[in-house]
Amino acid sequence: MMQLCLLLLTLLTASFTQADELRPAYLQLTEQAEGTYTVLWKVPAKGQQRLALQVRFEPEPAAVSQPVDGFLNGSHLQQWSIRADEGLAGMNVAIEGLARTTTEALLRVEYIDGTSVTHRLTPAAPSITLAGQPTLLETARTYLVLGIEHILLGIDHLLFVLALLLLISNTRKLVLTITAFTIAHSITLSLASLGVIRIPVPPVEAVIALSIVFVAAEILRAQRGEPGMTHQHPWLVAFSFGLLHGLGFAAALGEIGLPQNAVALALVFFNVGVEVGNLLFVFAFLVLVSLARKASFKAGPILQKVPAYAIGSLASFWLFERVAAF
């Protein structure tokens, strides 16, 4: 089981080393007047270096203003205005260079009547031909997939769940823990997305890292024969820190935006997608544990401590990095 946990940690850490590339690019077209749109193009960057991604429209719309650009909070931003007298329907939008990366791009179109639509562009499908207003089914499907992808690419969230799983010894506690985490992140995700509560993102991300350090330390305490509250009542810790993780999910959803004509639908399906992603990760973990038991693998005392130290070390790095970025 320890070897399999180490494999999971290796995969998660490898994903972390590619964090800048895994962050999605973001393109927003906002209709300001009939036929006139503001373009916001956001590309992941590190220092003064950004991913080599460019936006291409076909047919090429008339430029109303020249791009204004700059670096801000780990991204390169560009903004300009275009004019498309015939509207956007039928226009092809492509992200050049996306096929050579492991990231994706989110395309959001906001219309002057308050409606909006969000599309995903991937390395396998780096372009899309815009249609008219999306159906409710299309909106639900889009936000469901976005929720699943967000949790599966959210390395810090997955490490928190993994740390909890390493502490849980029976099925009843597992069900209670997953349920508590789901309820908690659903509450804060909904409240923050609807603007009921507003908390700055950087402190939330720092405390999320701290929550992982806390649970990693609880694993080591349990291994020393001094089980703490997390070992005895993991559902309580899952609920408490789940409230914070929900705020992190809300921050990601805030970047994507909610369609004004289907706010509740998009919010529900994004939340469902997050939970589906969580359950997929838990299922994968349980399968690996089952395989380890069938193989009768037993780790020595030193090897048993490696996952907790690896999780705690990586989370500590995130904590210092995020605090330093305040």
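Here is a chat about salt bridges, a cavity and a helix in a predicted model.

User: Before we start, what kind of model is this?
Analyst: This is a predicted model, where local features need pLDDT of at least 70, side-chain atom pairs count only at pLDDT 80 or more, and totals for chains, interfaces and linings use all residues. Residues are numbered from 1 along each chain as its sequence is written, and side-chain values use heavy atoms, with hydrogens and water left out.

User: Cool. How many salt bridges are there?
Analyst: A search of the whole structure gives 8. A salt bridge here is a side-chain nitrogen of Lys or Arg within 4 Å of a carboxyl oxygen of Asp or Glu.

User: Why would side chains pair up like that?
Analyst: Side chains of opposite charge can pair when their charged atoms come close.

User: Okay, what does R56 pair with?
Analyst: R56 pairs with E96, and their closest N and O atoms are 3.0 Å apart. R56 sits in strand β4 (residues 54–58) and E96 in strand β8 (residues 92–96), so the bridge ties together parts that are 40 residues apart in sequence. Strands are DSSP runs of E, at least two residues long, and helices are runs of H or I, at least four, numbered from the N terminus.

User: Which residues share a network with salt bridges that have partners in common?
Analyst: R56, E58 and E96 are joined into one network.

User: Are R56 and E96 buried or exposed?
Analyst: Both land in between: R56 is partly exposed at 30% relative accessibility, and E96 is partly exposed at 40%. Buried means under 20% relative accessible area, exposed means over 50%, and partly exposed is in between (1.4 Å probe, protein chains only).

User: And what about E104, which residue does that one meet?
Analyst: E104 meets R120 in a salt bridge, 3.8 Å from N to O. E104 is in the loop between β8 and β9 (105–110) while R120 is in strand β10 (residues 116–121), so this pair ties together parts 16 residues apart in sequence. E104 counts as buried at 12%, whereas R120 is partly exposed at 27%.

User: Which residue pairs with R322?
Analyst: That's D156, with 3.2 Å from N to O. This pair links distant parts of the chain, with R322 in helix α10 (residues 301–324) and D156 in helix α4, 166 residues apart. R322 is buried at 16%, and D156 is buried at 11%.

User: Switching topic: how many cavities are there?
Analyst: There is 1 cavity of 30 Å³ or more, and about 70 Å³ of space lies in the largest cavity. A cavity is a set of points on a 1 Å grid over the protein atoms alone where a 1.4 Å probe fits but cannot get out, and lining residues have an atom within 4 Å of a point. Grid points are joined across faces, edges and corners, and the volume is the space filled by probe spheres set on the points.

User: What lines the largest cavity?
Analyst: The lining includes V161, F181, E275 and N278. The elements giving two or more residues to that lining are α4 (155–167), α5 (171–193) and α9 (263–294).

User: Last one: where is the kink in α8?
Analyst: The kink is centred on G242 and is about 35 degrees. The bend at a residue is the angle between axes fitted to the seven residues ending there and the seven starting there. After α8 comes G257, whose phi is positive, near 90 degrees.

Methods:
1 Å grid on protein atoms, 1.4 Å probe; cavity = no way out; pocket = protein on both sides within 12 Å on 5 of 7 lines; lining within 4 Å.
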